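Biologist: Could we go through this structure together? I should like to begin with one charged residue and then move on to other topics.

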Amino acid sequence: MKSIIVSMILAAGLMAAGTATAGAFNTGPCKACHAVGKDVVGPDWKVVADAYGDSKTLAALFKSGFKAEDRKIASSNPKWKGQAAIMTAQFGTFIKGHEDDAAEALFAAVKAGKL
């Protein structure tokens, strides 16, 4: 039993070490759909960062309601337009109320080269 608890603590530490954070926002849940350097279910975060340029611009999109038609990537690429509804649901669950921190964490992840 003790070895299981130690393993769980170690695994949790490794997961936390591999995520970018800003304020109260942690990119851990974002890893299910995003990566830096490749497309997954959602677009490569480097592409997103390049499209928005800085965290303040991305945070403004989040604060405006994150409408699919306002998203630079989803509105211009049919591949991502089809995934927009998934991200809208994730926005409501993970990002809403943490818009500035989420945008800063995305840019920190891109700078670090990983989520």
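Modeller: Certainly. Please note that this is a predicted model. Arg71 is buried yet forms no salt bridge. The nearest side chain of opposite charge belongs to Glu69, 7.5 Å away.

Biologist: Why does Glu69 not count as a salt-bridge partner of Arg71?

Modeller: A salt bridge requires a side-chain nitrogen of Lys or Arg within 4 Å of a carboxyl oxygen of Asp or Glu. Glu69 is 7.5 Å from Arg71, so the pair does not qualify.

Biologist: What does the side chain of Arg71 reach, then?

Modeller: The side chain reaches the backbone oxygen of Ala84, at 3.3 Å. Leaving aside residues up to four places away in sequence, Arg71 touches Tyr52, Leu61, Phe66, Ala84, Met87 and Thr88.

Biologist: And where does Arg71 lie?

Modeller: Arg71 lies in the loop between α3 (55–63) and α4 (72–76).

Biologist: Turning to pockets, what is the volume of the largest pocket?

Modeller: Its volume is about 470 Å³. It is lined by 29 residues, and those closest to its centre are His34, Pro43, Trp45, Phe66 and Met87. Phe66 and Met87 are also among the residues that Arg71 touches.

Biologist: Which element gives the largest share of that lining?

Modeller: That is α6, with six residues.

Biologist: One last topic: is Gly97 buried or exposed?

Modeller: Gly97 is exposed, with a relative accessible area of 60%; the threshold for exposed is over 50%. Gly97 is found in the loop between α6 (84–95) and α7 (99–112). Its C-alpha atom is 9.9 Å from that of Phe25, a residue 72 positions away along the chain.

Notes:
Residues are numbered from 1 along each chain as its sequence is written. This is a predicted model: local features need pLDDT of at least 70, side-chain atom pairs count only at pLDDT 80 or more; totals for chains, interfaces and linings use all residues. Side-chain values use heavy atoms; hydrogens and water are left out. Helices (H or I, at least four residues) and strands (E, at least two) are DSSP runs, numbered from the N terminus. Buried means under 20% relative accessible area, exposed over 50%, partly exposed in between (1.4 Å probe, protein chains only). Lys and Arg count as positive and Asp and Glu as negative; His and the chain ends are not counted. A polar contact is a pair of N or O atoms within 3.5 Å; within protein, one must be able to donate a hydrogen and the other to accept it, and residues adjacent in sequence count only if both atoms are side-chain atoms. Contact means heavy atoms within 4.5 Å. On a 1 Å grid over the protein atoms alone, a cavity is a set of points where a 1.4 Å probe fits but cannot get out, and a pocket is an open set with protein on both sides within 12 Å along at least five of seven lines; lining residues have an atom within 4 Å of a point. Grid points are joined across faces, edges and corners, and a volume is the space filled by probe spheres set on the points.
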